Amino acid sequence: MADILLVEDDASVREAVAMALEGDGHRVDTAVSGDEALDRWRRSRPDLILLDVMLPGTDGLSVCRTVRRADEVPIILLTARSDPIDVVAGLESGADDYVTKPFETRVLMARIRAVLRRQARPAEEQVMRFGDLTIDPAGMVVTLREREVRLTPTELRLLLELARRPGQVLTRAGLLEAVWDYSYLGDSRLVDVCVQRLRAKVEGDPAEPVLIQTVRGVGYKLVPPQR
Amino acid sequence: MRQRLRPRLIATFALVAALTSVGVAATSYTLVRREILRRADETAARQGRAALADAAERLPPSPEPAQLADFAARVKARDGLEVVTVRPDGLSDTTSVSLSARVVPAELGQALARGRVVTVRATAAGAPYVVAAGRVSGVADFYFFSSLDDVAEDLRLLRNVLAGVGAALVVLSGVVGALAARSVLTPIRQARAAVHRLEVGLLETRLPERGRDELADLAHSFNAMAQALERTIGELRALEAGQRRFVSDVSHELRTPLTALTTAADVLEANAGGLNDPGRRAARLLVVEARRLRTLVDDLMEISRMDAGAAAMAWERMDLSALVADALRARGWSDRVDTHLEQAVTAWVDARRIDAIVGNLVGNALEHGRPPVTVIVDSMTSTGVEGVRLQVADAGPGIPPEHLAHVFDRFYKADPARSRREGGGSGLRGPNAGPGLGLAIARENARLHGGDITVSSRAGGGGAVFTVVLSGRSGPPGTVTELLPDREAPVTTDRHDVVP
């Protein structure tokens, strides 16, 4: 189904996860360190990266940031809840989702499927304009003041969810379900961090957001600029 | 202590001073008075004798009244004495307006008969006198009144001075007592403050050791005790921290092989169809046990986070009933339990932790109790307590009283005689679960909400009842919600369980 780069320093975990991925029909490439991961990514350009956060040498977050500068490939972090590196830090580095070790295989597979689904071209929709911002769902292109803004599939889905219902407040739980496929008790930090990343790309001043506004106690809404 | 020792010391000092000064004053007053009066008596006797000799010399027998009066006036002018004369024929005369023969003490008359000069102290016409009396035969009886007014005045002055000095001494002693009290009480007060500081956990508290008195001894003993306490508690804390870190480290270390193990087991399970029968059974066993191990390690990590105080709360104000309904639905339990969920019971909660509590309690009830399992959510306004309640009950055999106090203990075996495999009716965990951390974690989760879980067993074997009470306060304790402009959900910084 997809070419997946698995970055994991522990040989047994690497082999077991690779087996499980292959069992689910994916093609798997592996790397044992951050540097090797970057090397593999540059050569093979995978569809998805499964990235262990705690890596010898270049750590997972640095890999994540480096990849993000050049590529919108989906990244799922493999973390331990007890890792000193925060989940939030991982998400802020550009990861799309995370799973916590020791994870259930079916959970990991579900996350992978959900992330890959976001890459699919949205079925509908004509071009939407909000002030300087133009969203072309069909072409999966977003431009701000005539310049293309590079969004990850997750960011694009989040923007589309908000843009489809301008002025309407969307709850974190609703966004988690619509964008991340979490139907129950998803981590709302996924939404919060992704909104931050989105604002950094599409707001004139991300510190004073006008387009994507927070509605205290509820969630977020996209507010079309007044003319 | 301060309120009672100080007045006691002051009173004691003052009392001693008062007794001393009264004693000294009374003694000295008595001595002085006796001496002064003795001298007054002597003077009066001497003057009387001189005046009598004078009278015998100067006056003729049976003198004329004028001669007597003349003599008396001279004596009065010379010696300052009042003179009363009584002639043998009974005629009397006086130099004074207030003194006369009538005020002469009667006993003097009898003494005169014996022919000597006698003195007596007497009060005449309201004033004190020493009266010297004598007879010149054939001339007259003479009574010389020497006023004691001056002496009485001196004695009064002496009394006043003694009383004044005594009172001053008493006051001074009180002040000395207060000073002494302070010198004793200040160290005692310091000691008390130090004990209080120890009490609240400031183990580095020490007392100043000044001087070589008993108080310095006390301070020294106190310091030795505090030091021993600090050392012992420090050792215990280090030990406890070490154990916590050990549990945390072990869980952490188990995580990686466990990830490989469970993932491999999942792969094995998916491919079990290709195995022969023993292989399939072995694979099944492997899968089940690997999952159990994962639960156990998850629980260990969770509880060591809680022990380390590193459990972060993601506070949100939510409808508890909706939350509980979702938790049941997500586990496919909605049809297996009877729910009584009051509408709109809102509380500040961490949704994940509430979900964990529901999962644990209802899971236990379904596994060990008998149906019907009931789940109740209500506000406790009817009981007058501000708070919300979640109750999970079953209709099983309940929990024997001797186990009730221990069901929240970690790895508590309800019946040590039975193996965990056999489980048994009183077992608190599933037949495949063994004793675990589930209830301990559930209670920690409730406590993180400022609430608690209690358990009871209904009379007559009516099943176990677990009751979670969450505080009904209007806001979460100690969150930074209000300070964050862009997130109303309190940020879970989730600093994890890395024990420093």
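User: What makes 31% of the 500 residues of chain B count as buried?

Analyst: Happy to explain, with the reminder that this is a predicted model. A residue is buried if 20 or more other C-beta atoms lie within 10 Å of its own. In chain B, 31% of the 500 residues count as buried. For chain A, buried residues make up 44% of its 227 residues.

User: How do you know what share of the contacts in chain B join residues at least 24 apart?

Analyst: Two residues are in contact if their C-beta atoms lie within 7 Å. Among the chain B contacts between residues at least 6 apart in sequence, 65% join residues at least 24 apart. In chain A, 54% of the contacts with a separation of 6 or more are between residues 24 or more positions apart.

User: Why is the crossing of α6(B) and α10(B) called left-handed or right-handed?

Analyst: A crossing is left-handed if the near helix is turned anticlockwise from the far one by less than a right angle. Helix α6 (residues 277-307) of chain B and helix α10 (residues 438-448) of chain B cross at roughly 35 degrees, their axes coming within 10 Å. The crossing of α6(B) and α10(B) is left-handed, so the near helix is turned anticlockwise from the far one.

User: Which residues meet there, and what makes one of them polar?

Analyst: From α6(B) come D299(B), E302(B), I303(B) and M306(B), and they meet G438(B), A440(B), I441(B) and E444(B) of α10(B). This contact divides into four nonpolar, one polar and three charged residues. Gly counts as polar, so G438(B) is the polar one.

Technical notes
Residues numbered from 1 in each chain as written. Chains lettered and ligands numbered in written order. Predicted model: local features only at pLDDT ≥ 70, side-chain atom pairs only at ≥ 80, totals over all residues. Axes fitted to C-alpha atoms, helices over the stretch in contact; angles between N-to-C directions. Helix = DSSP H or I, 4+ residues; strand = E, 2+ residues; numbered from the N terminus. Buried ≥ 20, exposed ≤ 12 C-beta atoms within 10 Å, placed from the backbone.
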